[in-house]
Amino acid sequence: MLKPCERPMKMLKLEALSRRLSANHPKQERIKNDFRKIRTGFNGERSIGKELKNLPKEYRVFHDLRLDHDGSRYFQMDFLIITRNYCIIIEVKNFAGTLYFDRTYPQLIRTKDGQEQAYLDPLIQVDLQKSRLNDWLTFHKFPSLPIETLIANANSNTIIRTTPGFTPIFKKITGKETLITKIHTLEEKYPSEQLTQRQSTRLSNTILQKNTPHNPDILNLYQIDEQDLLKSVQCPECAALNMHYHWGKWSCSQCSYASKDAHIQTLRDFALLIKPNITNKQARLFLQIDSIDIMQRMLSSLELPYSGQFKNRAYKLNGLIHE
């Protein structure tokens, strides 16, 4: 897999934001609900990603691509699979209950626990993605490729129905258990190579180069003031923001848990919520440490890249985010 499954930045930022706000903060419930939705979607994508690892190596698989459509708008694909003969866009759903693909008024209706909820028809979504991918390939001067689209449902217990007379749509819909079989069936439609090995490699490299992950300013998005963020190091054991540094380790005042590296998560939270670089002074304030020397040793031990000298030195925290 050329671009493996990684938790999206918004998911990481929501998780960090929730633990850095007080339990009774007015935005806390909305943040937790949004986090759960993104986590459910990502878990579905990761489940599908595990299946796609079973494809032969000539299938180049990319997860969670976000490409520039026309210089100002982006289009996103859960999975894109490139071969030298054709490519496949996969839209992943991870719904429990019953899914009804209404073709009279194109929409997806999910029924769970007696409650109905309407969603944008994913078949329309993937058709739009297909159109935009075609435009993108043309803009970057790649040969036109046949593009197939699939809806992959990650939940094995989901019941899928559609309007009577529209059963052909099931050619576009698959569960994770039948996904690989469905993909191998498509191979038979496209026996001729459309790309040379060199073109295929250039296309893969261009996709990775042009991919622009969604990275929202989470405080601005939820209209939260930086002053609302809780400081101090969080205990990995009981989650209390009540750890103190003494004799080379962090100790939790609430449960007495001790750790030598509990500060790494706090630095990661700073990078996700405030900015991706930090000075000694900013780190002391956020980690609640008084000593300049202790903070200097702590930051230096992480071997982070930095810019500037002395008190203006800013350590780059990007490398901590996905660890």
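The buried residues of helix α5 pack against β1 (60-68), β2 (74-82) and α3 (122-139). That's a handy way into this structure, which is a predicted model. From there, the tour goes on to the pockets, where the largest holds about 1,300 Å³ of space, and ends with a look at Arg-30 in helix α2.

**Helix α5**

- Helix α5 runs over residues 197-210, and at 1.5 Å a residue its 14 residues should span 20 Å; the C-alpha atoms at its ends are 20 Å apart, so the two agree.
- Which residues of α5 are buried? They are Ser-200, Leu-203, Ser-204, Thr-206 and Ile-207.
- These five cover an arc of only 165° around the axis, so they sit on the same side of α5.
- As background, an α-helix has 3.6 residues a turn, so residues three or four places apart point the same way.
- Flip to the other side of α5 and you'll find Arg-198 and Gln-209 exposed.

**The largest pocket**

- About 1,300 Å³ of space lies in this pocket, and 40 residues line it.
- Closest to its centre are Lys-37, Ile-38, Gly-41, Phe-42 and Glu-45.
- Several elements each give two or more residues to the lining: the helices α1 (9-19) and α2, plus the strands β1, β2, β3 (87-93), β5 (107-112) and β6 (115-119).
- Which element gives the largest share of this lining? That's α2, with 8 residues.
- If you're thinking about the chemistry of the wall, the lining splits into 14 nonpolar, 11 polar and 15 charged residues.

**The second largest pocket**

- This one has a volume of about 230 Å³, with 15 residues lining it.
- Glu-58, Tyr-59, Thr-83, Arg-84 and Asn-85 are the lining residues closest to its centre.
- Sorted by type, its lining has 5 nonpolar, 4 polar and 6 charged residues.

**Arg-30**

- Arg-30 belongs to helix α2, which covers residues 28-52.
- Is Arg-30 buried or exposed? Neither, quite: its relative accessibility is 41%, between the 20% and 50% cut-offs, so Arg-30 counts as partly exposed.
- Leaving aside residues up to four places away in sequence, Arg-30 touches Leu-221 and Tyr-222.
- Gln-234 is 204 residues from Arg-30 in sequence, and the two are 22 Å apart in space, C-alpha to C-alpha.

How values were computed:
Residues are numbered from 1 along each chain as its sequence is written. This is a predicted model: local features need pLDDT of at least 70, side-chain atom pairs count only at pLDDT 80 or more; totals for chains, interfaces and linings use all residues. Side-chain values use heavy atoms; hydrogens and water are left out. Helices (H or I, at least four residues) and strands (E, at least two) are DSSP runs, numbered from the N terminus. Buried means under 20% relative accessible area, exposed over 50%, partly exposed in between (1.4 Å probe, protein chains only). Contact means heavy atoms within 4.5 Å. The expected span of a helix is 1.5 Å times one less than its number of residues. The arc is that of the directions from the helix axis to the C-beta atoms. On a 1 Å grid over the protein atoms alone, a cavity is a set of points where a 1.4 Å probe fits but cannot get out, and a pocket is an open set with protein on both sides within 12 Å along at least five of seven lines; lining residues have an atom within 4 Å of a point. Grid points are joined across faces, edges and corners, and a volume is the space filled by probe spheres set on the points. Ala, Val, Leu, Ile, Met, Phe, Trp, Tyr, Cys and Pro count as nonpolar, Asp, Glu, Lys and Arg as charged, and the others, Gly among them, as polar.
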